[in-house]
Amino acid sequence: TYGDWECVCTPPATGSQQAAPAICNLDECIATCKTCAGNTCSDVDQICVDRNTLATSTNDWDCVCKKPAIGLATGQAARCDRDECKENTCCPQGTNTVPKCTQECFDPDRSANSTGDWKCLCAAPSAKYAVAKPASCTTDPCKHDSEDACLMDEQGCEWKDLPTPGCTKTPCELGTPADCAADDSCEWETYAGNRGGNGAITYEAMSLLKPFGTFTCAGSITSWKAPCSCSMTLGDNGKIGAVVDIGQGYVDGQDILYCRACGPKITATWSKGQLALKGAATAEEYAAVIASIEFQTSSVAGTTKVLTWSLGH
């Protein structure tokens with residue numbers, strides 16, 4: 001039969017034509033497995049695109065970065081960049097009234113796999129900043145005329161409708177002394193003590209000692225900077241309520257503190273000579289826990305060790 005011959009493209013190209021040369025197509029992303037496991041594009045979670053699928057056009061496949069990252073490379077994996085400042089804002093809604101938002105966004109690492117590290121920088125001379133959220137840049141906290149701006153100010157502001165509408169400063173609700181110090185409008189209130197008149201303790205190796213066994217709220221917590229009562233709640237909202245610390249003389253691997261009275265209400269975390277106590281409880285309850293704490297060491301007797309306790313909010 002005349003004219004029934006056929007040209008068939010050689011794999012991996014595809015295409016055929018009867019009685020004439022075929023136009024062969026070659027999608028390199030499929031034919032040479034550029035998106036299969038073990039090859040470049042898929043290895044780095046990128047998309048393979050062959051923009052010219054003619055069999056005569058080879059090695060022109062591209063690796064394209066997945067959005068929101070940007071980047072493209074031909075014949076190899078692309079370098080993907082992601083500027084999170086283009087996806088987020090340092091100027092929250094409601095700041096177009098008082099004060100005007102002047103924050104600058106900065107992404108220190110624009111690699112595609114680095115996320116959540118963008119920063120909002122306050123305008124000079126302020127050195128304040130916040131990570132992955134607008135910073136609190138106002139020097140006079142909570143001076144806002146609108147409710148939206150007030151609620152977006154993370155310096156502990158609260159909008160009140162009565163008796164006169166306005167933005168007011170709420171009590172400082174900060175978890176650690178460092179966080180409190182970063183807020184110019186807050187002051188960490190604390191009272192601390194140590195073991196013995198000069199702080200040093202007397203011990204024997206491997207023996208258990210209660211350094212603050214006689215500690216009580218009424219008898220020990222008497223000189224706070226602000227009025228305090230034994231019923232005052234400490235350690236709420238995940239804040240540290242108290243700390244017992246082996247300061248001077250601590251030896252890692254030899255010294256340890258045990259919290260015998262800790263439980264569901266007050267929990268303890270031990271790290272390198274410091275026992276941090278957390279949990280919403282009264283000062284009186286914290287005092288009872290401090291009194292129960294036991295100290296043990298394998299150090300040679302006679303080494304000077306100083307144990308301290310502190311309560312704060």
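Here are a few questions and answers on the sheets, a helix and the cores of this predicted model.

Residues are numbered from 1 along each chain as its sequence is written, and side-chain values use heavy atoms, with hydrogens and water left out. Since the model is predicted, local features need pLDDT of at least 70 and side-chain atom pairs count only at pLDDT 80 or more, while totals for chains, interfaces and linings use all residues.

User: In the sheet β3-β4-β5, which strands stand at the edges?
Analyst: This is an open sheet of three strands with antiparallel pairing; strands here are DSSP E runs of at least two residues, numbered from the N terminus, and two of them pair if DSSP finds at least two bridges between them. Each edge strand has a single partner strand, so one side of each is left without a neighbour in the sheet. The edge strands are β3 and β5 (72-74).

User: What is the bridge partner of D50 in β4?
Analyst: Four bridges join β3 to strand β4 (residues 61-64), and the two run antiparallel. D50 sits on the covered face of β3 along with C48, while I47 and V49 make up the uncovered one. Its bridge partner in β4 is W61.

User: And what is the bridge partner of D62 in β5?
Analyst: β4 is also joined to β5, by three bridges, again running antiparallel. In β5, D62 is partnered by T74.

User: What is the bridge partner of C105 in β7?
Analyst: Another open sheet has the order β6-β7-β8, with antiparallel pairing. Three bridges join β6 to strand β7 (residues 119-121). For C105, the partner in β7 is C120.

User: How many of the ten residues of helix α6 are buried?
Analyst: Helices are DSSP H or I runs of at least four residues, and α6 covers residues 283-292. Buried means under 20% relative accessible area, with a 1.4 Å probe and protein chains only. The buried set includes Y286, V289 and I290. The helix is mostly covered, and the count is seven.

User: Which element gives the largest share of the largest nonpolar core?
Analyst: A nonpolar core is a set of buried Ala, Val, Leu, Ile, Met, Phe, Trp, Tyr and Cys residues joined through side-chain atoms within 4.5 Å. The largest one has 25 residues, and V244, L257, L277, Y286 and I290 have the most contacts inside it. Elements giving two or more residues are β13 (240-246), β16 (274-278), α6 and β19 (307-312). The largest share, six residues, comes from α6.

Conventions:
Buried means under 20% relative accessible area, exposed over 50%, partly exposed in between (1.4 Å probe, protein chains only).
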